[in-house]
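Colleague: I am new to this one and would love a friendly tour. Could we look at it together?

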Amino acid sequence: DYEVYEIAATAVAQGDSPYDDPRFLYPPLLPKAMAATFAAIRALATRARLSGDLDQFAKDMFFYLYTCVQFALACLAYIFLYRFARALGAGRAEGAILTCALIIVNNPLIRTMRHNQVNLWALDSMLAVLLLAGKHPVVAGMALAIGGHIKIYPYALAVPLALTKRWKVLLATFAVSILLVLVTSDFGRGL
């Protein structure tokens, strides 16, 4: 995933489409954010009068930040899973043990970390929706929209949300999704 995202971000930074590479099959939010971050890091490096290949420096710094965020997202997944277990009625110790087991014995999580995939973003957004839909429907909808703009499969939660009549969550998801489409398509010019 990461290599394909980086290639897509480089294309975006050069004014090209991230979809020029047939391996890129994802929504454009992350490559656009990566390209903007590359540019910001490069500008800071230029301002700090660093020498050398500043484009590569920006990519390396972004990758470092990305791996740090991956660790934070794994920790957030632990917290969300623990709270989900507690919401389902597990005791404190049972919830902690179950959550630890799910995190430790989890080959997809290990592969996500090893191969620098973006699955933790999607997982955390989906867990946030499950935990926040009742008390904070707008925040839950925002989390679902952001997760869906990183990988499409978080949008699958729209079906159970509709079946349970979580209309505020769905409305917020729709509104934020449209906003993200507008932003990532240069307000319709890049559709």
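Modeller: Gladly, and one term comes up right away: rings of Phe, Tyr and Trp (its six-membered ring) pair if their centres lie within 6.5 Å, and planes under 30 degrees apart count as stacked, over 60 as edge-to-face and the rest as tilted. This is a predicted model, where local features need pLDDT of at least 70, side-chain atom pairs count only at pLDDT 80 or more, and totals for chains, interfaces and linings use all residues. Residues are numbered from 1 along each chain as its sequence is written, and side-chain values use heavy atoms, with hydrogens and water left out.

Colleague: Which residues form one aromatic cluster?

Modeller: Counting by the ring rule gives 8 aromatic pairs. One cluster of rings is made up of Tyr2, Phe38, Phe62, Phe63 and Tyr66.

Colleague: How are the rings of phenylalanine 24 and tyrosine 26 arranged?

Modeller: Phenylalanine 24 and tyrosine 26 are both buried (under 20% relative accessible area, with exposed over 50% and partly exposed in between, using a 1.4 Å probe and protein chains only). Their centres are 5.6 Å apart and their planes 70 degrees, so by the cut-off of over 60 degrees the pair is edge-to-face.

Colleague: Which helices do the buried residues of α2 pack against?

Modeller: Helices here are DSSP runs (H or I, at least four residues; strands are E, at least two), numbered from the N terminus. The buried residues of α2 include Leu30, Met34, Phe38, Ile41 and Ala45. In general, an α-helix has 3.6 residues a turn, so residues three or four places apart point the same way. The buried residues of α2 pack against α1 (2-13), α3 (54-87), α7 (137-148) and α9 (167-184).

Colleague: Is arginine 42, which pairs with aspartate 55, buried or partly exposed?

Modeller: A salt bridge (a side-chain nitrogen of Lys or Arg within 4 Å of a carboxyl oxygen of Asp or Glu) joins aspartate 55 to arginine 42, with the closest N and O atoms 2.6 Å apart. The pair links distant parts of the chain, with aspartate 55 in helix α3 and arginine 42 in helix α2, 13 residues apart. Because its relative accessibility is 34%, arginine 42 counts as partly exposed.

Colleague: Is aspartate 21, in its salt bridge with arginine 23, buried or exposed?

Modeller: The side chains of aspartate 21 and arginine 23 meet at 2.9 Å, N to O. Arginine 23 is partly exposed, with a relative accessible area of 42%. Aspartate 21 has a relative accessible area of 14%, so aspartate 21 is buried.

Terms used: Contact = heavy atoms within 4.5 Å.
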